[in-house]
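Thanks for making time this morning. I would like to take you through one structure, and I will go region by region, so please have the view open as I speak.

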Amino acid sequence: MRKKGLLLLAALLALCGCTAQSNIADVSHRTMLTVVLWDYDKTSYDWKLIRAFEDSHPDVQVEVVSYPDAYYDQKMQARLLSGRQTDVFLCRTMDSLYKLYEYGIAQPLDELLAQYGHDLRDSAELVQMQFDGHQYGIPYRRDRYVLLYNCELFDRAGIPYPKERLTWEQVHELAQQMQSSLSEGEYAMMSLPMDIQWLATGKNSGYDNAESMRQIIGWVQQMQQERCMQQYSTCIAQDIQQQCFELGQYGMYIGGTWYLNYLMTDYRAGRFDFRWGVTEAPVWAEDQKSSETVIQTGMGICRSSQQQELAWEFIRFAAGAEGAKIMAAEQMMPAYLDSEVEEIYRNSFYGAYLDPMVYLDRETAVGAYQDTSREQEILCDAFRQSVTGQKDIDTALRNAQREIEELSS
């Protein structure tokens, strides 16, 4: 009996050994596709996109190279410039994609787009990722700014939830009403020390006109004076981040649609438990029909990639209809939108109220890319100088306008 047992054990070990060898062999024969992105360990949607792609392409293994969001552009560009193996890269901004085009690192996608097609092939969204008449990126996310609010703080103040777009003036009135019911350390509005976000949501003209910032700067200054918002200098010192909204001590917060994924993930994980709602970002009363900021996140192919057709297949999947369904289920706004994707996005919402205008597809003017990064830096400096009291608003705006005009002289 003992001999038979040993023989059986030997047979089982041999079988396990064969199985392990077989699995190793299977992995070794899979084609490796290297994708560079950011915050892979903090978000759910990129992970699910990649797993779904591997499931539909069992002969492919995706190698993910992830960098922190704060340093992504520099590290991603350094990697590509060094020639290290990279097939697909994600771009946080159009400015970073434009730099890769200037460096000659990004592969033109025109031939791949013509040969294999794409669900966004006829979309106006592609225009902004074209430089010198060629396509260098494909959008897979299309974010916009929204107003998020804490339902419980609204309930405490006896104020109805905002269920449609408000004006900046109306938000100010709500903040005044709410603040009187709040406790020490609670504020009607959360101020994120991200200057470009205030510029993008509070401007009513392009980045070449410093005077257009006067309204939003005045609005922030007044909110600070009335203690409806923390001092901007304090927010900088404390490094206030978007997820501070989940502390439950802020009534409203103006952020991007990308934050809804964090809210959903953190709520499911039990990191906070209050109810929240979302509606469109405010506009000025006299500027109801102004065009809003559309923030596109794109994917591109490294020129040195040895498997560009496979890289394109990944982009087609992730930035097309199939990927859009996965993104919508994770409360991310995909670039590709149709009625099915919108329904998935709506049904995946974990909050108390979601304004349909946040996710409904609509015509949005997305023109050709213009490099306004330097102008934005100048305006951000003027904004920060004004709201922190380093300079009076007239001086800050006058100096900013002079610097902007000097750029083109």
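Tyrosine 101 is partly exposed, since its relative accessible area comes to 22%, and I should say at once that this is a predicted model. Its partner is phenylalanine 131, which is buried, with a relative accessible area of 3%. The centres of these two rings are 5.2 Å apart and their planes meet at 35°, so the pair counts as tilted, a label for planes that are neither under 30 degrees apart nor over 60. In sequence the two residues are 30 apart, with tyrosine 101 in helix H4, residues 94-103, and phenylalanine 131 in strand S4, residues 130-131, and the pair thus links distant parts of the chain.

That pair belongs to a total of 32 aromatic pairs in the structure. Elsewhere, ring pairs join a cluster whose members include Phe245, Tyr253, Tyr259, Tyr262, Trp276 and Tyr350. Rings also meet charges here: the charged end of lysine 163 sits over the ring of tyrosine 353, 5.0 Å from the ring's centre, and lysine 203 lies over the face of tyrosine 207, with 5.2 Å to the ring centre.

Let me turn to the sheet. What is the order of its 5 strands? Reading across, they run S8-S9-S7-S10-S12, in an open sheet with mixed pairing. At the edges are strand S8, 187-190, and strand S12, 353-354, each of which pairs on one side only. Within the sheet, strand S7, residues 145-150, and strand S10, residues 276-280, pair in the antiparallel sense over 5 bridges, and leucine 148 stands opposite valine 278 in S10. Helix H11, residues 259-268, lies across S7, S10 and strand S9, 250-256, and runs at about 170° to S10.

My last stop is a histidine. Is histidine 118, in the loop between helix H5 and S4, buried or exposed? With a relative accessible area of 10%, histidine 118 is buried, because the cut-off for that term is under 20%. A polar atom of the histidine 118 side chain lies 2.9 Å from the backbone nitrogen of leucine 120. If we leave aside neighbours within four places in sequence, the residues in contact with histidine 118 are Leu113, Ile138, Trp312, Ile315, Arg316, Ala319 and Gly320.

That is where I will stop, and I am happy to go back to any of these regions.

Conventions
Residues are numbered from 1 along each chain as its sequence is written. This is a predicted model: local features need pLDDT of at least 70, side-chain atom pairs count only at pLDDT 80 or more; totals for chains, interfaces and linings use all residues. Side-chain values use heavy atoms; hydrogens and water are left out. Rings of Phe, Tyr and Trp (its six-membered ring) pair if their centres lie within 6.5 Å; planes under 30 degrees apart count as stacked, over 60 as edge-to-face and the rest as tilted. Helices (H or I, at least four residues) and strands (E, at least two) are DSSP runs, numbered from the N terminus. Buried means under 20% relative accessible area, exposed over 50%, partly exposed in between (1.4 Å probe, protein chains only). A charge sits over a ring if NZ of Lys or CZ of Arg is within 6 Å of the ring centre and within 35 degrees of the ring normal. Two strands pair if DSSP finds at least two bridges between them. Contact means heavy atoms within 4.5 Å. Axes are lines fitted to C-alpha atoms, for helices over the stretch in contact, and angles run from 0 to 180 degrees between N-to-C directions. A polar contact is a pair of N or O atoms within 3.5 Å; within protein, one must be able to donate a hydrogen and the other to accept it, and residues adjacent in sequence count only if both atoms are side-chain atoms.
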